[in-house]
Amino acid sequence: MVFALQILFVLALIVLIILFVFRISRTKKTSQLPENYKGVLTDYVKFYRQLDEEGKEKFEKRVDHFLSAVKITGVNAVVEDIDRLLIAAGAIIPVYRVPDWQYINLHEVLLYPGTFNADFDQSGSDRDIGGMVGTGALQHVMIITKWQLRQGFINSNDAHNTAIHEFVHLIDKMDGTMDGVPEIILERKYVQQWKQLMNTTIEQMKNYGSDIDFYGATNTVEFFAVISEYFFEQPELLKANHPELYEMLGRIYKITG
Ligand SMILES: [Zn+2]
């Protein structure tokens, strides 16, 4: 009898140990954040730096969630922790204040070493081809170069950030059409006003020049991506130079009412 009890006890102990080990391995797996994520985000991501502690924690969770949902693959490039974090930061910044946002139209980000040749998809190529959102066979794929990705965050005092630019294209694309109108996050009552404002500004850029990157005058798709870079990189400057655009972008990205 005593012997049977001993066996039972040992068995129970084994089960407990197995459960314990299993739990540890599961908790370990749930976080995709590399060890030094706080340091990297603080050093390179101005948007993150400017958040309070609670905001930072929310940002980190969103980054972690993004990294567990989207695969990042190097193409002739080594994907380092900083690249993973900067890609995720570029994804989260524009939708930080949009509740429950998920990039359901993105499965994989391909990281190239430098500016790539657009031979594989001329129509989808972007600016100096530092990034692009895939079409056709590359549906659900985004391509970005390591160099452009890093430059976008290192130079936080210009109005350029390739990662933000490409993620804004994805936000625009979420409603089925890439047209510069992110209908999924912009209230319907503002759609006409936004279209009009984009077209008038593009005309003004073409006729009189502008401090807005001229690539934005290509069409409304590029305008929306370029002006969003400006909005997130230099909000104060945009507010001073283009208050109407600032106000509409604030609505789109839920920063102002
Ligand atoms: Zn673009």
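G209 takes a positive phi of about 80° just after helix α8. The model is predicted; local features need pLDDT of at least 70, side-chain atom pairs count only at pLDDT 80 or more, and totals for chains, interfaces and linings use all residues. Residues are numbered from 1 along each chain as its sequence is written.

Helix α8 covers residues 191-208. At 1.5 Å a residue, its 18 residues should span 26 Å (1.5 Å times one less than the number of residues). The end C-alpha atoms are 26 Å apart, which agrees. W194, M198, T201 and I202 are the buried residues of α8 (20 or more other C-beta atoms within 10 Å of their own, C-beta atoms being placed from the backbone). They cover an arc of only 100° around the axis, taken from the directions from the helix axis to the C-beta atoms, and so sit on the same side of α8. Exposed residues (12 or fewer such atoms) lie on the other side of α8, among them Q192, Q196 and E203. The buried residues pack against α9 (220-233) and α11 (243-252).

The protein chain holds 11 helices and 4 strands (DSSP runs, H or I of at least four residues and E of at least two, numbered from the N terminus). The 4 strands form an open sheet in the order β1-β2-β4-β3, with mixed pairing (at least two DSSP bridges between two strands). The edge strands are β1 (71-74) and β3 (131-133), each pairing on one side only. β1 and β2 (residues 108-112) run parallel, joined by 4 bridges. I72 stands opposite V109 in β2.

Definitions and conventions. Contact = placed C-beta atoms within 7 Å.
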